[in-house]
Amino acid sequence: TPPPAVTINGKTYHTDEWFNVPPGVLAATTRKLHLQKDHPISITRQILESVFPPPTYRYHNTFDPVVTTHENFDSLGFPPDHPGRARSDTYYLNATTLLRTHTSAHESALFRAAASPGYLISADVYRRDDIDRSHYPVFHQMEGARVWDRRLVPGGDLAAAVLADLALLPTHAVPVEDPNPPSHPDRNPLQSEHHTAAEAAAIAAHLKRSLELMVVEVFTRAQAAARAADPAFVDEPLRVRWVEAYFPFTSPSWEMEVYYDGGWLEVLGCGVSRQGILVDAGQPESVGWAFGIGLDRIAMLLFQVPDIRLFWSRDARFTSQFEGVEGDLGRLRRFVPFSRYPPCYKDVSFWLGKEGEVHGNDVMEVIRGVAGDVVEDVVLTDEFTHPKTGRRSRCYRVNYRSLERTLTNDETNELHTRVRDALVERLRVEIR
Ligand code: PHE
């Protein structure tokens with residue numbers, strides 16, 4: 001049974017039947033890794049910020065993670081039936097209050113405040129998801145935006161003004177592939193009632209250059225750190241490519257991929273802001289762009305951190321490796337892994353109960369609720385329907401491995417028994 005109310009960062013929220021935040025996730029709301037001195041997430045944030053200087057860009061790094069469904073979804077144009085709203089995907093305090101799933105939840109408020117032409121928000125975000133070495137229910141994003149107010153544009157020529165700002169940006173020498181047309185009538189439409197094609201093209205060009213400069217900064221540092229660790233490291237030249245994407249709050253929209261260490265990595269989403277958001281925020285005369293980037297994956301790459309759980313570790317063998325980097329980004333070095341302890345795989349098979357569907361994310365959370373950060377990954381290994389009875393069965397393989405020590409056999413067995421009991425109790429399944 002949920003507590004009647006929960007307190008997060010000093011504010012108290014009543015709960016209702018929507019409440020689904022486990023204690024471990026609630027506890028994470030106090031950590032604020034993006035602000036913790038010498039933490040890789042904080043260092044990554046500062047590298048990205050360095051590419052978007054004040055006063056054009058203002059930084060907002062202390063927004064509270066608790067937002068309304070309106071802020072997180074409605075204000076951004078998410079349809080009422082969007083899957084991201086489901087309780088299986090999102091952590092709710094009550095029917096209208098949740099832990100933000102992305103930093104875009106603050107877009108509308110910042111557009112409304114119009115305190116600066118550009119902004120960056122860095123924050124912890126929350127999503128229910130699988131368990132593996134690159135997923136954790138809490139991670140971090142940076143969101144950025146830049147707008148131009150038509151009324152302030154000299155001569156009223158918005159496209160020319162944006163291009164003039166573009167001309168002030170540095171250039172870079174990394175090859176960029178951008179094979180798609182600037183907009184696509186069905187997949188990626190120009191907002192023709194709000195922008196001319198020339199205006200949208202100028203905004204897109206400013207957006208793309210700004211973000212290219214940002215990732216070139218990060219990945220060049222990653223290569224330097226790799227060379228420092230291993231003088232024999234051969235850096236394949238960086239490449240960037242733009243691919244079409246879809247977000248309810250931008251159009252046209254793109255994702256950026258970076259060719260690094262032999263493969264294409266998707267690093268961010270972005271686009272020309274939907275005018276409806278600016279209109280609703282009381283800024284009908286402003287047009288511009290927005291982007292969002294995940295900090296944890298970038299930090300994993302930059303420092304070669306092999307498991308996302310390490311970011312939450314208080315083990316000095318982890319934290320001490322980054323000391324002093326924040327004051328001197330030139331000291332950025334790859335993480336040197338301490339010993340990896342043996343994995344321990346255990347299977348659990350069960351029949352789904354009469355009530356029917358059990359969401360995979362609920363299984364993950366029950367397991368994490370018992371085993372905490374000792375579970376490294378969970379894989380669905382089998383699923384079948386009994387031909388006669390029609391009952392459905394699933395098998396998951398749980399990998400128990402501590403980052404900090406070797407688990408004893410007894411300890412793992414005990415954990416696994418508790419996992420099985422919790423699955424039965426919480427999800428009404430029947431162990432096979
Ligand atoms: N909020 C989006 C996400 O979490 C990223 C994004 C931000 C895309 C701003 C476009 C503009 O995936």
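**The ligand shell, an open sheet and some unusual backbone spots**

Around the ligand stand His102, Ser104, Glu143, Phe247, Thr250, Gly269, Cys270, Gly271, Ala290, Phe291 and Gly292. Two elements, β12 (263-273) and β13 (286-294), each give two or more residues to this shell. Sorted by class, the shell around the ligand holds four nonpolar residues, six polar ones and one charged one. It is worth keeping in mind that the model described here is predicted.

A good place to turn next is a sheet further along the chain. Four strands make up this open sheet, in the order β15-β16-β14-β17, and their pairing is antiparallel. The edges are taken by β15 (375-385) and β17 (430-431); each has a single partner strand, so one side of each is left without a neighbour in the sheet. For β15, the link to strand β16 (residues 392-400) consists of nine bridges, and the two strands run antiparallel. One pair can be followed by eye: valine 378 has valine 398, in β16, as its bridge partner.

Helices also belong to this picture. Helix α10 (residues 360-371) packs on the sheet and touches β15 and β16, with its direction at about 140 degrees to that of β15. Helix α11 (residues 409-427) lies across β14 (344-351), β16 and β17, and runs at about 20 degrees to β14.

The backbone itself offers some details to look up in the structure. Most peptide bonds are trans, and most residues other than glycine have a negative phi. Against this background, the peptide bond from proline 54 to proline 55 is cis, with omega near 5 degrees. Proline 55 sits in the loop between α2 (40-49) and β3 (57-60). The bond from serine 251 to proline 252 is cis as well, with omega near -10 degrees. Here the proline is part of a strand, as proline 252 is found in β11 (residues 250-260).

Where do residues other than glycine show a positive phi? Lysine 32 is one of them, with a phi of about 50 degrees, and its place is the loop between α1 (23-28) and α2. Lysine 32 counts as partly exposed because it has 19 C-beta neighbours inside 10 Å, and a residue is called buried if that number is 20 or more. Arginine 428 also has a positive phi, near 60 degrees. This arginine lies in the loop between α11 and β17. With 14 other C-beta atoms within 10 Å, arginine 428 is partly exposed.

Key
Residues are numbered from 1 along each chain as its sequence is written. This is a predicted model: local features need pLDDT of at least 70, side-chain atom pairs count only at pLDDT 80 or more; totals for chains, interfaces and linings use all residues. A residue is near a molecule or strand if its C-beta atom, placed from the backbone, lies within 6 Å of it. Ala, Val, Leu, Ile, Met, Phe, Trp, Tyr, Cys and Pro count as nonpolar, Asp, Glu, Lys and Arg as charged, and the others, Gly among them, as polar. Two strands pair if DSSP finds at least two bridges between them. Two residues are in contact if their C-beta atoms, placed from the backbone, lie within 7 Å. Axes are lines fitted to C-alpha atoms, for helices over the stretch in contact, and angles run from 0 to 180 degrees between N-to-C directions. A residue is buried if 20 or more other C-beta atoms lie within 10 Å of its own, exposed if 12 or fewer, and partly exposed in between; C-beta atoms are placed from the backbone.
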